[in-house]
Amino acid sequence: MAMVILKLDGMTCPSCMQKIEHAVSGVDGVQDVKVLFNAAKLKAKFDPVATNADELSGVVTKLGYTVLSSKVKEIA
């Protein structure tokens, strides 16, 4: 299992947050997604065999938001 933290730009309201959470949670291998509106961050736990941080960043980008940075760490 792995966790990615994406620093986002372009979220202007809580519905943006819900839109991103819904889209990322639909990616195969994603087990948990939380978007922190006030911090402009996305945290997602995922199976690195099924997906990767670049794919998750791409989902967010396709929705019209900017990914400023990405951090991935292995978790137990």
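In this predicted model, a convenient place to start is valine 35, which stands opposite leucine 42 in β3. The two strands around this pair are β2, covering residues 30-36, and β3, and they run antiparallel to each other, joined by six bridges.

Following the chain from one strand into the other, the reader finds that β2 and β3 form a hairpin, with four residues lying between them. Alanine 40 belongs to the loop that links β2 and β3, and its backbone deserves a careful look, since this residue has a positive phi of about 55 degrees although it is not a glycine. As for its surroundings, alanine 40 counts as buried, because its relative accessibility is 18% and the cut-off for a buried residue is under 20%.

Beyond that turn comes lysine 41, whose place is in strand β3. With a relative accessible area of 33%, lysine 41 is partly exposed, a value that also lies over the 30% needed for a residue to be part of a patch. Lysine 41 does in fact take part in one, for on the surface there is a patch of positive charge in which Lys7, Lys41, Lys43, Lys71 and Lys73 gather. The elements that give two or more residues to this positive patch are β3, which spans residues 41-46, and β4, which spans residues 66-74.

Strand β3 thus appears in both parts of this description: β3 is joined to β2 in the antiparallel pairing, and β3 also gives residues to the positive patch.

Methods. Residues are numbered from 1 along each chain as its sequence is written. This is a predicted model: local features need pLDDT of at least 70, side-chain atom pairs count only at pLDDT 80 or more; totals for chains, interfaces and linings use all residues. Side-chain values use heavy atoms; hydrogens and water are left out. Patches are made of residues with over 30% relative accessible area and no salt bridge: like charges are joined within 9 Å, nonpolar side chains (Val, Leu, Ile, Met, Phe, Trp, Tyr) within 5 Å. Accessible areas come from the Shrake-Rupley method with a 1.4 Å probe; for residues, only the protein chains shown count as cover. A salt bridge is a side-chain nitrogen of Lys or Arg within 4 Å of a carboxyl oxygen of Asp or Glu. Lys and Arg count as positive and Asp and Glu as negative; His and the chain ends are not counted. The place of a charge is taken as NZ of Lys, CZ of Arg, CG of Asp or CD of Glu. Buried means under 20% relative accessible area, exposed over 50%, partly exposed in between (1.4 Å probe, protein chains only). Two strands pair if DSSP finds at least two bridges between them.
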